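Hi,

Here is the structure I said I would pass on. Have a look at it first, and my notes come straight after.

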Amino acid sequence: MGKIIAMANQKGGVGKTTSAVNLGACLAYLEKKVLLVDIDPQGNATSGVGVNKADVSQCIYNILVEDVPAKDVITQSSVPNLDIIPATIQLAGAEIELVPTISREIRLKKSLEMVKEDYDYIIIDCPPSLGLLTINSLTSSDTVLIPVQCEYYALEGLSQLLNTIRLVQKHLNKDLMIEGVLLTMLDARTNLGIQVIEEVKKYFQDKVYKSIIPRNVRLGEAPSHGQPIITYDPKSRGAEVYLELAKEVMASGERVR
Ligand SMILES: Nc1ncnc2c1ncn2[C@@H]1O[C@H](COP(=O)(O)OP(=O)(O)OP(=O)(O)O)[C@@H](O)[C@H]1O
Ligand SMILES: [Mg+2]
């Protein structure tokens, strides 16, 4: 039975997609069967694993709004063991179209239940908002992984996210847990980064991963080649650290079980 992890933070550009793609690809590299779910209309996770959005005939929109079964939408990525439910710009309308529909918060959950058995991990790349798409993701998930960028105001907005998580726990998914907090884009040359690490650790304590993602040029380049870092440049520091993260995620799952 697969573990479903939502990669969420409503703040834009903190490394959600980079982490969803690269954690997913590293778990796949470690021989886990992984499904990446792109639920962001920007579709960056989709193109990040080598799927051309222009060639996508059905995407997550059709699952959420038209009840198309997930298995009809799942596509193979450029990476062995890594499948994807793609997103295209069509999804931009879903947030509004879903408002008057029945069971609008549990549509993704219902759909993923049908394929959960086929995977070890399902990773959902959320959009930068706390709207219905993110609510659907949190409702479907066993845990939420929160990427936090190592910059000034890193903790700003996190109380809103934690509040949304609490509301989802209360009304929609009582078993939702925090998987962990991932520090991203650390520039080790500055004192600021070190201060942010201390601040985030004070707040989230042992929930913070030991693996801290550095700012790494190769990580920024890989998406434009439609590849995760583990295939684009396996020897880069970015690849090493995402592989360490994948091992941490696997180890913590084993502790819980
Ligand atoms: N560790 C890193 N080193 C260098 N560049 C990075 C790193 N992580 C992310 N980036 C780059 O920073 C930008 C934002 O990252 P990403 O798209 O992963 O954030 P996001 O939280 O998914 O953004 P959004 O909220 O728009 O969905 C991208 O251009 C990405 O390639
Ligand atoms: Mg993103």
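Below is what I found, going from the overall fold to the ligand and then to a few single residues.

One thing up front: this is a predicted model, so please read everything here in that light.

**Overall fold**

The chain has 11 helices and 7 strands. Its C-alpha trace spans about 50 × 40 × 35 Å along the principal axes. A compact globule of 257 residues would have a radius of gyration near 18 Å, and the chain comes out at 17 Å, so the two agree. Buried residues account for 47% of the 257. If you take the contacts between residues at least 6 apart in sequence, 78% of them join residues at least 24 apart.

The UniProt record, an unreviewed entry, lists residues 3-178 as "domain: AAA". In the model that span is 34% helix and 17% strand, and its end C-alpha atoms lie 13 Å apart.

**The core**

In soluble globular proteins, nonpolar side chains tend to be buried together. Here the largest nonpolar core holds 79 residues, and the members that touch the most others are Leu36, Ile60, Ile123 and Tyr242. Which helix gives the most to this core? That would be H1 (residues 16-29), with 8 residues.

Tyr242 is a good one to click on. Leaving out residues up to four places away in sequence, Tyr242 touches Asn22, Leu23, Cys26, Ile229 and Ile230. Asn22, Leu23 and Cys26 fall within the range of H1, residues 16-29.

Helix H6 (residues 132-140) is also worth a look, as 9 of its 9 residues are buried. The buried set runs from Leu132, Leu133 and Thr134 through Ile135, Asn136 and Ser137 to Leu138, Thr139 and Ser140, so you will find Asn, Ser and Thr in there along with Leu and Ile.**Around ligand 1**

This is probably the part you will open first. The shell around ligand 1 has 19 residues, and the closest are Lys16, Thr17, Thr18, Pro128 and Gly220. Two elements, H1 and helix H9 (217-221), give two or more residues to the shell. H1 gives the most, with 3 residues. By residue type, the shell divides into 6 nonpolar, 10 polar and 3 charged.

**Single residues to check**

Gly50 sits in the loop between helix H2 (44-48) and helix H3 (60-66). Is Gly50 buried or partly exposed? With 18 C-beta neighbours inside 10 Å, Gly50 counts as partly exposed, because a buried residue needs 20 or more. Apart from neighbours within four places in sequence, Gly50 is in contact with Ser77, Ser78, Gly226 and Gln227. Gly50 and Pro228 are 178 residues apart in sequence, yet their C-alpha atoms are 8.8 Å apart in space.

Two residues other than glycine have a positive phi and may deserve a glance:

- Asp67 has phi near 60°. Asp67 is in the loop between H3 and strand E3 (75-76), and with 11 C-beta neighbours inside 10 Å it counts as exposed.
- Asn81 has phi of about 70°. Asn81 is in the loop between E3 and strand E4 (82-85), and its 19 C-beta neighbours inside 10 Å make it partly exposed.

That's the lot from me. Shout if anything is unclear.

Cheers

Terms used. Residues are numbered from 1 along each chain as its sequence is written. Chains are lettered from A and ligands numbered from 1 in the order in which they are written. This is a predicted model: local features need pLDDT of at least 70, side-chain atom pairs count only at pLDDT 80 or more; totals for chains, interfaces and linings use all residues. A nonpolar core is a set of buried Ala, Val, Leu, Ile, Met, Phe, Trp, Tyr and Cys residues joined through C-beta atoms within 7 Å. A residue is buried if 20 or more other C-beta atoms lie within 10 Å of its own, exposed if 12 or fewer, and partly exposed in between; C-beta atoms are placed from the backbone. Helices (H or I, at least four residues) and strands (E, at least two) are DSSP runs, numbered from the N terminus. Two residues are in contact if their C-beta atoms, placed from the backbone, lie within 7 Å. The radius of gyration is taken over C-alpha atoms; the globule rule is 2.2 Å times the number of residues to the power 0.38. A residue is near a molecule or strand if its C-beta atom, placed from the backbone, lies within 6 Å of it. Ala, Val, Leu, Ile, Met, Phe, Trp, Tyr, Cys and Pro count as nonpolar, Asp, Glu, Lys and Arg as charged, and the others, Gly among them, as polar. UniProt positions are given in the numbering used here, feature names are shortened, and annotations may be inferred rather than shown by experiment.
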